[in-house]
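Work through the exercises below with the sequence and coordinates open beside you, and try each task before reading its solution.

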Amino acid sequence: MPDSDLTKQEDLFTNTTCPYCGVGCGVLAQMNEYGVVTVKGDTEHPANQGRLCSKGTALGETVYLDERLLYPEILGEQVSWEQALATVAGHFEKIIETHGPDAVAFYVSGQLLTEDYYVANKLMKGFIGSGNIDTNSRLCMSSVVAGYKRAFGEDVVPGCYEDLDRAKLIVLVGSNTAWCHPVLYQRIVKAKKINPDLMVVNIDPRKTQTSSVADLHLDIRPGTDSVLFNGLLVWLETADEHNAMFTGNFTSGIQAAMEAAKKSASSIEIVAAKCGLPINDVQEFYRLFARTERTVTVFSQGINQSSSGVDKINSIINCHLYTGRIGRPGMGPFSLTGQPNAMGGREAGGLANQLAAHMEIGNETHRHRVKRFWNAPVMAETEGYKAVNLFNAIAEGKIKAVWIIATNPVVSLPEADKVRSALEKCELVVVSDCVGETDTAKLAHIRLPATTWGERDGTVTNSERCISRQRPFLEPPGLAKPDWWIITEVARKMGFADAFPYTRPAEIFREHARLSGFENANERLFDISALSDITDRQYNALTPMQWPITRASPNGTARLFSEARFSTPDNKARFIAIEPRPPASACSANYPFVLNTGRVRDHWHTMTRTGMSPRLSAHTIESYVEIHPDDARLYAIRESELVEITSPLDKSIYVRARISDKQQQGSLFVPMHWNQQFSSQARVGSLIKAELDPVSGQPEFKHSVAKIRPWQANWYGFLISRHKPALKYAKYWARSRGKGFWRYEVAGHAIPQDWSEHAHTLLNHPGEKENWVEFYDKARSHYRAARIIKDRLDSCIFIYPGNILPPRDWLISLFQKDSITSEERANLLRGTPPADQEDYGKVICACFNVGEKTLLQAIQANDLKTVEAIGDTLQAGTNCGSCKPELAELLKLL
Ligand SMILES: Nc1nc2c(c(=O)[nH]1)N[C@H]1C(S)=C(S)[C@@H](COP(=O)(O)OP(=O)(O)OC[C@H]3O[C@@H](n4cnc5c(=O)[nH]c(N)nc54)[C@H](O)[C@@H]3O)O[C@H]1N2
Ligand SMILES: Nc1nc2c(c(=O)[nH]1)N[C@H]1C(S)=C(S)[C@@H](COP(=O)(O)OP(=O)(O)OC[C@H]3O[C@@H](n4cnc5c(=O)[nH]c(N)nc54)[C@H](O)[C@@H]3O)O[C@H]1N2
Ligand code: SF4
Ligand SMILES: [Mo]
């Protein structure tokens, strides 16, 4: 191909941003003439410099339309946009007229673009006149917002990613960076390679993939982090690691903070006992911290999702203030944001207790200022309901209409069954989503089809305050429309056309930028007013930039507080006196386990997108619980067995047991992702009591209590099918996507009279005689069948009496073929792979589809010693690198 053609090809790629985590990686994306989407990392983007993790790499597999919501619907009937918008606007107006503005609410999302967020917030707070707009960031970042505000007077992340390259000590607290912010994790691994002196401490009750980069792992007793950091503050004083110049000139409240720290954590022995850690480990961590000026403390949900999360955050910040380690390269407290635009939502004021552009709803001056700027008729006077209480208010009938946008609360909120019943009772539920059948969208009276990644156009802000463009490279399917457009149209229909004149995102962005600088006078650091007048062309060409972006710093600002001037009235940072509190739920004889929840490597939240990708679905095919071997023994639980987990809410889930000494004794870990669309009953949010941080309202997802027991079925099996089967008789099922098929793990109680009839029913072909080959061993209760249409394998089903099922990955290759041989038919009935074909085991490398068994064999056969050597031999780990920590573990196994 001549060079000019290559350039042309390159030009066809659109620069955009990954829609998953808060790392905010730049992506180049393109769809070819056959509809195949290609993505690659953007080497020019500062967040990733060309790297992508497994989720980013597989983005192309998630843009297809199988489960998309394509048309507006009222009560399940397709309607025109005109009708849908008029109905939403009319119904909202009617309820507001009768019951007042606080009888309606919006529940939005950190996955919206800043422009979407801006108009939603403006409509609710300035025009409907209620504070009742909250966001799923309440479940994610709200404690950080509150912690930063208490310490700095404003919700400001001081540092940037470059600090990770320049640090000498990185403390990862309550963060499974390797799986949740993989590109940053790779950056840390690289920094460690370049600078072997860089030390990494990981603080997490579980050993995770992140621990593999750590020099020291503290398996802290769940919920005790503020004791550990209070103890550190005391130790820093003892070790004379006090930056007295800094604290004296630029901070307040040191004395009270130190006194409180001494009350709860006066010595290492006390800290070690309270945190369940060896004295030596605590001492080593404290020594490392004390002697390393360039320390970055990275924290995430293990800190935030707690009934005392705000205090934990301030206990961390206190230590950075005490040592003056803030505002300079290679140091600072650094909260990683979860969602792609968690930060943008904070800027636009999407939380019920904020206004917009970092102003406060409780501050009269701010309210008047924003009212003038918006020319708003009825500004909200008080803060609205925070997420959990918003749904409580729906349950109590105080809120009569709710519009849910880009979030799935029936899965992701605590007491999720209560959320479901609240929505079932609510007079009007409107859901804007790109997917039709989410657990939440199923309950909507009105469903509005939104565009999503690949189609949408606007900006997002990542963990280091970097604003990037998401640009469209696909046409919206069906009648899908951008979220900002849908909200704008409803606002117009409610009579606010003058204030919502927007025809494109650039107009909204300019207004947002103007508001950030409006009567600012250096009062608020969030200021992007230098972008207030950018043209549409400049907006389209906007390159990634970190705020503040002002006339004084038109190209953005990497690090804040370099002059130690904070956003408090006296410009001093505040120490906060922390009195550690235990988690709200305590274990008891009935509920002896701490239930911890979080994420897996290749799934995103409620799986509406990653659940569509065969590559991403192969890594973890069903939900599970991680349990310590001693606990498993005590409760007679065996590896891979199904178990029932029950909480004091008297709700249960059914998941697979994974016995692991990485788990602390007395704790269970269950992933948050599985929902009613992907499993019979594994929605872990239904178990979790809504215990909230009193300051931020963030729920304690990391610490509820539960009991566990084996769950016996009378039959077990799996089925693989090109179609979605009917699962009438299966009490337990979990489905995952394969390339061209769905894969199900199933189990049931009732033993059918006739397995053949039962299998036909399961596979949705009752009574069908032709097309089937079957095998039944009555004595052993083994049943196997395959549905084959013109030599092409359509479905297969394997049923056994016990829980130990044969390897099945070899079967998957048969679904890649257009016809199968008679030998393969025989293998199907025998239930064993052909002699020359090994089962390759659980997928470890999603990019090149390399299984665990293949890896172990290659490591042994070739005496491979390093992750790089595995890559040279099998390619595994050489693309996105997300599996590298797992490869390192396999090397250790042998
Ligand atoms: N693959 C993947 N990546 C994601 C997401 C996803 O869904 N999938 N979601 C994104 C979002 S929105 C978010 S918010 C982030 C979350 O990113 P993370 O916060 O890194 O992820 P989690 O798995 O929720 O929890 C992190 C760790 O906190 C630990 N933990 C639990 N209790 C405690 C405790 O008391 N103390 C300490 N120190 N640690 C504790 C848990 O064991 C867990 O390993 O991930 C983002 N990235
Ligand atoms: N047990 C437990 N629960 C948790 C957590 C935990 O650690 N443990 N973590 C919490 C955290 S940190 C978070 S952030 C939440 C996340 O929880 P959710 O926000 O509920 O999860 P998602 O699956 O990301 O939901 C996003 C929805 O938006 C849709 N969507 C995608 N793109 C668009 C778009 O452009 N427009 C519109 N309108 N819709 C779109 C998707 O199809 C999906 O239905 O979960 C929280 N819940
Ligand atoms: S780390 Fe992965 S999921 Fe996060 S933004 Fe980058 S590519 Fe996307
Ligand atoms: Mo999150």
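**Exercise 1.** Determine how the residues of the shell around ligand 3 divide into nonpolar, polar and charged.

*Solution.* Begin by collecting the residues that surround ligand 3 in this predicted model, namely C18, Y20, C21, V23, G24, C25, L52, C53, K55, G56, P182 and V183. Sorting this shell by residue class then gives 9 nonpolar, 2 polar and 1 charged. As a last step, map the shell onto the secondary structure, where α2 and α8 (182-194) each supply at least two of its residues.

**Exercise 2.** Which residues make the nonpolar surface patch of about 350 Å², and where is the place of Y64?

*Solution.* The patch is made by Y34, V36 and Y64. Following the chain, one finds Y64 in the loop between α2 (54-57) and β4 (73-74). Its relative accessibility is 39%, and Y64 therefore counts as partly exposed, since that class lies between the limits of 20% and 50%.

**Exercise 3.** Examine the backbone at A357, E519 and the bond that joins W547 and P548.

*Solution.* As a reference, most residues other than glycine have a negative phi, and most peptide bonds are trans. A357, which is not a glycine, nevertheless has a positive phi of about 50°; this residue lies in the loop between α16 (342-348) and α17 (364-374), and A357 counts as buried because its relative accessibility is 2%. E519 likewise has a positive phi, near 45°, and lies in the loop between α22 (505-517) and α23 (536-540), but at 37% relative accessibility E519 counts as partly exposed. Finally, W547 and P548 are joined by a cis peptide bond with omega about 0°, and P548 is found in the loop between β19 (545-546) and β20 (573-574).

Terms used
Residues are numbered from 1 along each chain as its sequence is written. Chains are lettered from A and ligands numbered from 1 in the order in which they are written. This is a predicted model: local features need pLDDT of at least 70, side-chain atom pairs count only at pLDDT 80 or more; totals for chains, interfaces and linings use all residues. Side-chain values use heavy atoms; hydrogens and water are left out. Patches are made of residues with over 30% relative accessible area and no salt bridge: like charges are joined within 9 Å, nonpolar side chains (Val, Leu, Ile, Met, Phe, Trp, Tyr) within 5 Å. Accessible areas come from the Shrake-Rupley method with a 1.4 Å probe; for residues, only the protein chains shown count as cover. A salt bridge is a side-chain nitrogen of Lys or Arg within 4 Å of a carboxyl oxygen of Asp or Glu. Helices (H or I, at least four residues) and strands (E, at least two) are DSSP runs, numbered from the N terminus. Buried means under 20% relative accessible area, exposed over 50%, partly exposed in between (1.4 Å probe, protein chains only). A residue is near a molecule or strand if one of its heavy atoms lies within 4 Å of it. Ala, Val, Leu, Ile, Met, Phe, Trp, Tyr, Cys and Pro count as nonpolar, Asp, Glu, Lys and Arg as charged, and the others, Gly among them, as polar.
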